[in-house]
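This report introduces a protein model to a reader who has not met it before. It proceeds from charged pairs to helices and then to individual residues.

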Amino acid sequence: MEKEVFGVIYERFSVGRKLDRIARKYNIKTVLEMPAHGAKAMPSIYSLGFADKAKRITLVNGNEKYISEWKKVSADQKVVWKQEEDILHTSFRDNQFDFVWNFAFLPTCNDPDALLEEMKRVSSKYIAIFSVNAGNIGFPIHRIVHKRTGIPWTHGDIRYNDRHFIRRKMLEQGLKIVETGFADCPVWPDSLGFRDVRLHRMNVDLNRMDWESDYPGMLSKNAFPLWVKMVYLVEKFPMPKFIKSIHSHINYIIAEKQVKA
């Protein structure tokens, strides 16, 4: 059993708040998370942020045992589990979902541009990428830790951690950028790699192992620790994006699909 650490709990809180706001702002009713993996954390619960406003949430290649976490927030009837052998060529219809997104996956995809194209195909409105932020001060330190320990870099093509690069790739797909920003912006740097090294050395499939998370229970009761609320107050403090990027763990871009006349 691997228990999510405090930093992951805060990440879920911040990202969840962001997704709830997005659902309200863009009137999101149908969501596709593709894939619904975990980023060294419990899989298949990142879309919990849509649980209140969305009517149907489809999770691709997730782990169905974690339906237990959706039950805690009384949203298990909204969830559809779907296994796809090839997420670059799925069985979904064109224009099937209001909002298609993934979390911290694009850099590790074997063909990120093809995935963006498939996400665009099945979306009727919006496509979003949430990525580990290369601009954070902890990102280069994490790279150094991998080099010093001799553990190969397994986090994919770092260009897709750069918000400017992702933006260009989405524009190349003919998408219109409607919102960019950051989430998970606490006062400590992003993962420096030491927990990452420990998990690497366990040599197990992190999406298959047993995970424990306090976040769904907190969300179900809307009862978050004071420290989470205090850190979030600091996160909400307005500042220029180039400064925000230094301590933001996650960057995101939302793009709109252009409807052909």
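Asp20 is buried, with a relative accessible area of 19%, just inside the limit of under 20% that defines the class. The model discussed here is a predicted one.

## Charged pairs

The partner of Asp20 in a salt bridge is Arg24, and their closest N and O atoms are 2.8 Å apart. Both residues belong to helix H1 (residues 6-26), where they are four residues apart, so about one helical turn separates them. In general, an α-helix has 3.6 residues a turn, so residues three or four places apart point the same way. Unlike its buried partner, Arg24 is partly exposed, at a relative accessible area of 48%.

Arg24 also forms a salt bridge with Asp52, with 3.4 Å between the closest N and O atoms. This second pair connects distant parts of the chain: Arg24 is in helix H1, whereas Asp52 is in the loop between strand E2 (30-33) and strand E3 (56-60), 28 residues apart.

A further salt bridge joins Lys82 to Glu84. Here Lys82 is partly exposed at 27% relative accessibility, while Glu84 is buried at 9%. Side chains of opposite charge can pair when their charged atoms come close. The three pairs are set out below.

| Acidic residue | Basic residue | Closest N and O atoms |
|---|---|---|
| Asp20 | Arg24 | 2.8 Å |
| Asp52 | Arg24 | 3.4 Å |
| Glu84 | Lys82 | 2.9 Å |

Elsewhere, a network of salt bridges links Lys3, Glu212 and Asp214. The model has 15 salt bridges in total.

## Helix H8 and a nonpolar patch

Helix H8 comprises residues 226-235 and includes Trp227. With a relative accessibility of 35%, Trp227 is classed as partly exposed. Together with Val5 and Phe6, Trp227 makes a nonpolar surface patch of about 280 Å².

Which residues of H8 are buried? They are Val228, Val231, Tyr232 and Glu235. Seen down the axis of H8, these buried residues fall within an arc of 105°, so they line one face of the helix. That buried side packs against H1, strand E7 (176-183) and helix H9 (241-247). On the face turned away from it, H8 carries the exposed residues Leu226 and Leu233.

## Helix H5 and its ends

Helix H5 (residues 163-172) has the buried residues Phe165, Ile166, Lys169 and Met170. They lie on the same side of H5, because the arc they cover around the axis is only 135°. The cover over the buried residues of H5 includes helix H3 (112-122), E6, E7 and strand E9 (250-256). Strand E7 therefore appears in the surroundings of both helices, as it is listed among the elements packing against the buried residues of H8 and among those covering the buried residues of H5.

At the N-terminal end of H5, Asp162 acts as a cap: one of its side-chain oxygens lies 2.8 Å from the backbone nitrogen of His164. Just after H5, Gly174 takes a positive phi of about 80°.

## Two buried residues around helix H4

The loop between strand E6 (123-132) and helix H4 (138-149) contains Asn136. Is Asn136 buried or exposed? At 1% relative accessibility, Asn136 counts as buried. A polar atom of the Asn136 side chain lies 3.1 Å from the backbone oxygen of Ile246. Leaving aside residues up to four places away in sequence, Asn136 touches Pro189, Asp190, Ser245, Ile246, His247, Ser248 and His249.

Phe139 lies in helix H4 itself. Its relative accessibility of 11% means that Phe139 counts as buried. Among the residues that Phe139 touches, again not counting those up to four places away in sequence, are Val132, Asn133, Ala134, Trp153, Ile158 and Asn161. Asn161 is 22 residues from Phe139 along the chain, and the C-alpha atoms of the two are separated by 9.6 Å.

How values were computed. Residues are numbered from 1 along each chain as its sequence is written. This is a predicted model: local features need pLDDT of at least 70, side-chain atom pairs count only at pLDDT 80 or more; totals for chains, interfaces and linings use all residues. Side-chain values use heavy atoms; hydrogens and water are left out. Patches are made of residues with over 30% relative accessible area and no salt bridge: like charges are joined within 9 Å, nonpolar side chains (Val, Leu, Ile, Met, Phe, Trp, Tyr) within 5 Å. Accessible areas come from the Shrake-Rupley method with a 1.4 Å probe; for residues, only the protein chains shown count as cover. A salt bridge is a side-chain nitrogen of Lys or Arg within 4 Å of a carboxyl oxygen of Asp or Glu. Buried means under 20% relative accessible area, exposed over 50%, partly exposed in between (1.4 Å probe, protein chains only). The arc is that of the directions from the helix axis to the C-beta atoms. Contact means heavy atoms within 4.5 Å. A polar contact is a pair of N or O atoms within 3.5 Å; within protein, one must be able to donate a hydrogen and the other to accept it, and residues adjacent in sequence count only if both atoms are side-chain atoms.
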